[in-house]
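Let's take a walk through this model, from single buried positions out to the surface. Have the structure open as you read.

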Amino acid sequence: MKLFTKKDDLKEDVRDDLMASLKAARGPLLSLGATLFSGLSAEFTALSSKGGIPGFQILFFLRLAQFLTVLVLIVIFRPKLIGENRRHNGMLLLDAFVSNVATALMYLSFTYAAPSIAFGIIQGSMPLFTTCIGFIFLKERISFIPCCGMLICVTGVVLVSIGKANQADDVTYAMVVSILLPLAAAFTKAPDMVLRRAIMKELSAITMLFYITSLGTVAQLILTFVFETPVWVMSAETAGYVAALGLSQTMSQLFLIAVLKVEKAAIAVALRTLVIPFTAVLDYFILSKVPNLLKWAGLSFVVVGTIVLSAHTYWVHREDQKRQDFLKVMDFCSARSETK
């Protein structure tokens with residue numbers, strides 16, 4: 001009996017340790033999912049644009065796919081669609097506006113520049129912007145090691161961006177469109193991340209997405225008819241790219257929301273820096289863009305920085321989990337001694 005008891009206890013300890021490890025790694029793992037789908041959505045944006053679909057109409061299809069997904073989630077989970085007070089409603093409306101502006105700038109940059117150039121500048125700027133805004137509004141501090149990881153990532157991002165700019169045919173085009181547009185996207189995307197994390201502390205993420213996607217769908221449809229000539233008849237290949245764009249970006253948003261629930265805004269942003277080497281690989285296989293030596297060096301920095309940040313994030317969560325488990329055991333032992 002004692003032998004079987006020890007074996008059962010050992011199995012239970014191993015299972016508990018595995019669950020604790022997975023719980024500690026959920027931030028980096030969820031961020032990896034967001035990264036993969038975000039990189040795919042960037043490539044599908046570029047391919048849809050090459051198929052003749054105007055930029056604002058691409059964004060309309062993207063928001064429409066997200067809105068339909070949110071409607072399904074609302075039917076399943078039935079969250080409250082309004083905030084508890086004026087402050088909550090104001091935050092929802094503000095985030096809906098900021099998120100749609102940021103998304104429009106980001107995806108328009110994918111149509112005017114290679115996705116890896118746009119992601120390079122966006123992801124290189126966002127950790128700094130998000131850290132500053134997160135500290136001001138959420139009082140979220142970043143320790144020394146994550147700062148080092150971010151710095152390594154930013155160094156790699158700068159090298160990637162320089163390498164991309166050197167490969168551009170038109171210097172003026174590269175400077176104005178390939179740098180300023182993604183930089184504007186990063187400047188608006190950073191407060192969007194902070195707002196989302198603040199909202200999710202008090203309201204359902206589905207409610208937040210409902211406001212973002214409903215406003216975005218209507219706004220992008222209006223912009224499409226005002227500034228562009230919509231293309232409703234397209235080839236099956238282009239229609240597939242558009243559908244894949246909507247699906248991949250919807251999945252990316254769901255993964256990102258899950259990351260923001262467990263990680264600080266700046267950490268969530270920095271973990272997504274891995275999207276740069278991923279989109280560079282996709283650029284090579286899908287868009288036939290070959291990285292130069294400077295880009296390879298930058299991509300190596302990005303990977304190293306992301307590994308440092310992910311490893312530190314996992315270690316911090318794992319130590320917190322061990323501390324919580326120890327406190328639970330101590331409380332259990334205290335309760336048993338008091339009973340005796």
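Start with T35, which is buried because its relative accessible area is 1%; buried means under 20%, exposed over 50% and partly exposed in between, with a 1.4 Å probe and protein chains only. You'll find T35 in helix 2, residues 26–50, where helices (H or I, at least four residues) are DSSP runs numbered from the N terminus. Skip its neighbours within four places in sequence, and T35 is in contact with L271, R272, L274, V275 and F278; contact here means heavy atoms within 4.5 Å.

A word on the ground rules: this is a predicted model, so local features need pLDDT of at least 70 and side-chain atom pairs count only at pLDDT 80 or more, while totals for chains, interfaces and linings use all residues. Residues are numbered from 1 along each chain as its sequence is written, and side-chain values use heavy atoms, with hydrogens and water left out.

Now for the interior. The largest nonpolar core has 49 residues, and Y107, M193 and M208 touch the most other members. At least two residues of this core come from each of helix 3, helix 4 (86–112), helix 5 (115–138), helix 7 (171–200), helix 8 (205–227), helix 9 (236–262) and helix 10 (265–271). Such a core is a set of buried Ala, Val, Leu, Ile, Met, Phe, Trp, Tyr and Cys residues joined through side-chain atoms within 4.5 Å. Another core lies apart from it, with 7 residues, including I142 and A266. As for M193, its contacts beyond four places in sequence are M126, T130, L256, L260, A265, A268 and V269.

L92 is another one to click on. It sits in helix 4 and counts as buried because its relative accessibility is 1%. Beyond four places in sequence, L92 is in contact with G83, I199, L203, T207, M208 and Y211. With Y211, the C-alpha atoms are 6.7 Å apart, although the two residues are 119 apart in sequence.

What about charges? The whole structure holds 4 salt bridges, each a side-chain nitrogen of Lys or Arg within 4 Å of a carboxyl oxygen of Asp or Glu. K189, D192 and R196 are linked in a network of them. D192 meets K189 at 3.6 Å, N to O, and R196 at 3.3 Å. K189 and D192 are 3 residues apart in helix 7, about one turn; R196 and D192 are also about one helical turn apart, because 4 residues separate them in that helix. This network is buried: K189 has 2% relative accessibility, D192 has 0% and R196 has 0%. Elsewhere, K80 and E84 form a bridge at 3.1 Å, and E84 is exposed at 54%.

The aromatics come next, with 9 pairs in the structure. Rings of Phe, Tyr and Trp (its six-membered ring) pair if their centres lie within 6.5 Å, and planes under 30 degrees apart count as stacked, over 60 as edge-to-face and the rest as tilted. F56 and F227 are tilted, because their planes are at 35°, with centres 6.1 Å apart. This pair joins helix 3 to helix 8 across 171 residues. F56 is buried at 18%, whereas F227 is exposed at 59%. F60 and F61 make a tilted pair too, at 5.6 Å and 50°, and they belong to one aromatic cluster with F225 and W232.
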